[in-house]
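Reader: I have a model open in front of me and would enjoy talking it through. Shall we start with what holds the inside together?

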Amino acid sequence: MFSIHDDIQVIDLLEKNGYKKFRYGQLENALYKNFLSDFEEMNTLPKEIRNLLTENCFYTSLSIHSVTSDAEWQTTKFLLKTADEKMIEMVIMRHRSGRNTLCVSCQVGCPMGCSFCATGKLGLIRNLEFYEIIDQIMLAVHHLEKEDKKLRNVVFMGMWEPLLNYNNVKRAIEIMCHQKKLDLSSRRITISSCGVVPWIRKLAEDFPQVSLAISLHAPNDTTRKKIMPVTETYSLDTLMEALDEYVKKTNKRVFYEYIMIAGVTDKLEYIDELRKLLSWRLAHVNFIPYNPGEWTLGDHYQPTHAVIIKKFQEWLEQEKIPSTIRHTMGDDIDAACGQLALKENGVSHATEKGKSISRGK
Ligand code: SF4
């Protein structure tokens, strides 16, 4: 059995059984334009093809384990179970402006081990296949359709690191942007990375329209190394060099994510370092208030006071560096991202005692 979104295998199946190419076009139409999920309902296809698909393909590899929405119905978090019983999260965010964003996962866990992050506590369990990423999108599309809403933006900010599962992410983006498939604008897709340098260059070549968000979290190697082990491999200088090439090639602004942890990333002298690092670059800084969430069992990290976050923002503004302070949607349904899956994938509370963990992307 293989996924219905695996066009190479589906086309091969149809050809081997003597069906002409236009039959795949009909299937594409039923799947991605009419959003039919039951092969039996695809009545533009002859019965024999529908039977062939039922015997050889599955529509989705994911099942819904739980769905939680916040009180204002802005955020809906899905805990999804893969075929091999791993848990991943996806989140629908309904913005007041009317646009709807989906945050998808592309790995179970994450190998990068950032010290403040829930997902990093899992380590890497496995990469998701491209169709498992598409299955999340199809699920969101169906969910939003019931509310008479459309999916507009997709961000790879769930369980990750997307650039370490590049080939599957690439194939998923191709399906998302293909005119005959989901036909999403690549400008409305954002890849978020902690800075895996070689793949940033590849991303710029393959998808120059896709936006890039970089988890910066500190303006120097010393602090970055303490909280983000990736800095041992790719220093800040190396990362910035790759990002300069990215901007040159794509002419796109880079979004810098910056988590505000009291006494760790919010030292006032860092404002100046941030200004020196970014004032001459095409940049937008997104300050993320550290959110210990319900998974926190210790006091190792504390959130920065809102006044200090505002000060960072004001001082960057003086240098004309645009910035926003992230309003963490869905706080009331389960604190920071990654935590539902963390619990369900079996990371024990006891082993985490004394550590605060959040989600850094
Ligand atoms: S912050 Fe991002 S890169 Fe770091 S461990 Fe968490 S998910 Fe992985």
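Author: Happy to, and please keep in mind that this is a predicted model.

Reader: Which helix gives the most residues to the largest nonpolar core?

Author: That core has 95 residues, and Leu-102, Val-104, Ile-133, Ile-137, Met-176 and Ile-200 have the most contacts inside it. It draws at least three residues from each of domain 1 (2-58) and domain 2 (63-352). With eight residues, the helix that gives the most to this core is H4, residues 130-146.

Reader: Good to know! Which residues does Leu-102 touch, leaving aside those up to four places away in sequence?

Author: Leu-102 is among the residues with the most contacts inside the core. Beyond its close sequence neighbours, Leu-102 touches Met-90, Ile-92, Ile-137, Ala-140, Leu-151 and Val-154.

Reader: Now for H5: how wide an arc do its buried residues cover around the axis?

Author: H5 spans residues 166-177, and its 12 residues reach 16 Å from first C-alpha to last, close to the 16 Å expected at 1.5 Å a residue. Val-169, Ala-172, Ile-173, Met-176 and Cys-177 are its buried residues. They sit on the same side of H5 because the arc they cover around the axis is only 125 degrees.

Reader: And what do the buried residues of H5 pack against?

Author: These residues include Ile-173 and Met-176, and Met-176 is also one of the residues with the most contacts in the core. The packing partners of the buried residues of H5 are H4, strand E9 (153-156) and strand E10 (189-193).

Reader: Let's move to the strands. How many residues of strand E5 are buried?

Author: One example is Met-87, which is found in E5. A residue needs 20 or more other C-beta atoms within 10 Å to be buried, and Met-87 counts as buried with 23 C-beta neighbours inside 10 Å. Strand E5 (residues 87-94) is largely enclosed by the rest of the structure, as its buried residues number seven of the eight.

Reader: Which residue stands opposite Leu-79 in E5?

Author: Strand E4 (residues 75-81) and E5 run antiparallel, joined by seven bridges. Their hairpin has five residues between the strands, and Glu-85 there takes a positive phi near 65 degrees. Opposite Leu-79 stands Glu-89.

Reader: What about E6: which residue is the bridge partner of Met-93?

Author: E5 and strand E6 (residues 100-103) also pair, running antiparallel with four bridges between them. The hairpin of E5 and E6 has five residues between the strands, with Gly-98 at a positive phi near 105 degrees. In E6, Met-93 has as its bridge partner Thr-101.

Reader: How far apart are the C-alpha atoms of Met-87 and Val-108?

Author: Along the chain, Met-87 and Val-108 are 21 residues apart. In space, the separation of their C-alpha atoms is 7.2 Å.

Reader: One backbone matter: is Trp-73 buried or exposed?

Author: Trp-73 is found in the loop between strand E3 (63-69) and E4, and its phi is near 60 degrees, a positive value in a residue other than glycine. Most residues other than glycine have a negative phi. Since 12 or fewer C-beta neighbours is the cut-off for exposed, the 9 other C-beta atoms within 10 Å make Trp-73 exposed.

Reader: Last one: where is Asn-251 found?

Author: Asn-251 has a positive phi of about 60 degrees although it is not a glycine. Asn-251 is exposed, with 9 other C-beta atoms within 10 Å. Its place is the loop between helix H9 (236-250) and strand E12 (254-260).

Methods: Residues are numbered from 1 along each chain as its sequence is written. This is a predicted model: local features need pLDDT of at least 70, side-chain atom pairs count only at pLDDT 80 or more; totals for chains, interfaces and linings use all residues. A nonpolar core is a set of buried Ala, Val, Leu, Ile, Met, Phe, Trp, Tyr and Cys residues joined through C-beta atoms within 7 Å. Helices (H or I, at least four residues) and strands (E, at least two) are DSSP runs, numbered from the N terminus. Domain bounds come from an automatic or database domain assignment. Two residues are in contact if their C-beta atoms, placed from the backbone, lie within 7 Å. The expected span of a helix is 1.5 Å times one less than its number of residues. The arc is that of the directions from the helix axis to the C-beta atoms. Two strands pair if DSSP finds at least two bridges between them.
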